[in-house]
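Trainee: Could we go through this structure together? I would like to learn why things are called what they are called.

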Amino acid sequence: MRIDIITVAPELIKSPFEYSIIKRAIDKGFVEVHFHNLRAYALNKYGQIDDMQFGGGAGMVLMIEPLDKCISQLLATRTYDEVIYLTPDAPTLNQHIANSLSLKENILILTGHYKGVDQRVRDKFITKELSIGDYVLSGGEIAAAVLCDAIIRLIPGVLGDETSALTDSFQDNLLAPPVYTRPADYKGLKVPEVLLSGNFKKIDEWRLEQSYKKTQTLRPDLLND
Ligand code: ADE
């Protein structure tokens, strides 16, 4: 997979790609991530990429011209399966969307900043808009890092233990069950007996039951999906 990210703040987004599972996925060649600084496509020597919005109102808007230049250049080089814009005024990212994006070949991600991008950029280039939750961040960079992490760990082969992504919370619209490790008894705080039983059928049943109970209590909306 190849992911291209257009941003006005490359330094803000790079570090999540330099650690842990995501770094290993890059090092092992499962994914390439390329950052494109929108400033390189600025209108003038002052580095202008944004302007005030028509009709008045607070906040600067990323202009169509630098974005058109940058996106068009990338689109001329390869075909993208999705051109994604990260913005709070969009449907929310979930595990199903992450699963389907993890199977794509090329993804282009545009991160907004300030008041967002000129609507004509969205109309012309964007094939999918995503929010990472009902709150507003200062920019789309951190949202893009979240999206990439959610996608990359799902690419087949990235996680050493193939089953571990499948048992994550949300994979079956259920929250993950509680987990425990040694010691089995810590100052009287005991691990549920069934997990020590060695009876894997019973353990699976217990985990499923715990998942249902937890989902019913904390996220009943998932059970209606
Ligand atoms: N940019 C600002 N807030 C955002 C959010 N919640 N999701 C995606 N992009 C954003």
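Mentor: Happy to; we will take the ligand and then the cavity. This is a predicted model, where local features need pLDDT of at least 70, side-chain atom pairs count only at pLDDT 80 or more, and totals for chains, interfaces and linings use all residues. Residues are numbered from 1 along each chain as its sequence is written, and side-chain values use heavy atoms, leaving out hydrogens and water.

Trainee: What makes the pair between the ligand and Y135 a polar contact?

Mentor: A polar contact here is a pair of N or O atoms within 3.5 Å. A ligand nitrogen lies 2.8 Å from a polar backbone atom of Y135, so the pair meets that limit. A nitrogen atom of the ligand is also 3.2 Å from a polar backbone atom of T87, and the value for G133 is 3.2 Å as well.

Trainee: How much of the ligand does the protein bury?

Mentor: By the Shrake-Rupley method with a 1.4 Å probe, the ligand taken alone exposes 260 Å², and the protein buries 96% of that.

Trainee: Why is the space lined by P16, F17 and I22, among others, called a cavity?

Mentor: A cavity is a set of points on a 1 Å grid over the protein atoms alone where a 1.4 Å probe fits but cannot get out. The structure holds one cavity of 30 Å³ or more, and the largest has a volume of about 40 Å³, taken as the space filled by probe spheres set on the points.

Trainee: Which helix gives the largest share of its lining?

Mentor: Helix α6 (residues 141-152), with four residues.

Conventions:
A polar contact is a pair of N or O atoms within 3.5 Å; within protein, one must be able to donate a hydrogen and the other to accept it, and residues adjacent in sequence count only if both atoms are side-chain atoms. On a 1 Å grid over the protein atoms alone, a cavity is a set of points where a 1.4 Å probe fits but cannot get out, and a pocket is an open set with protein on both sides within 12 Å along at least five of seven lines; lining residues have an atom within 4 Å of a point. Helices (H or I, at least four residues) and strands (E, at least two) are DSSP runs, numbered from the N terminus.
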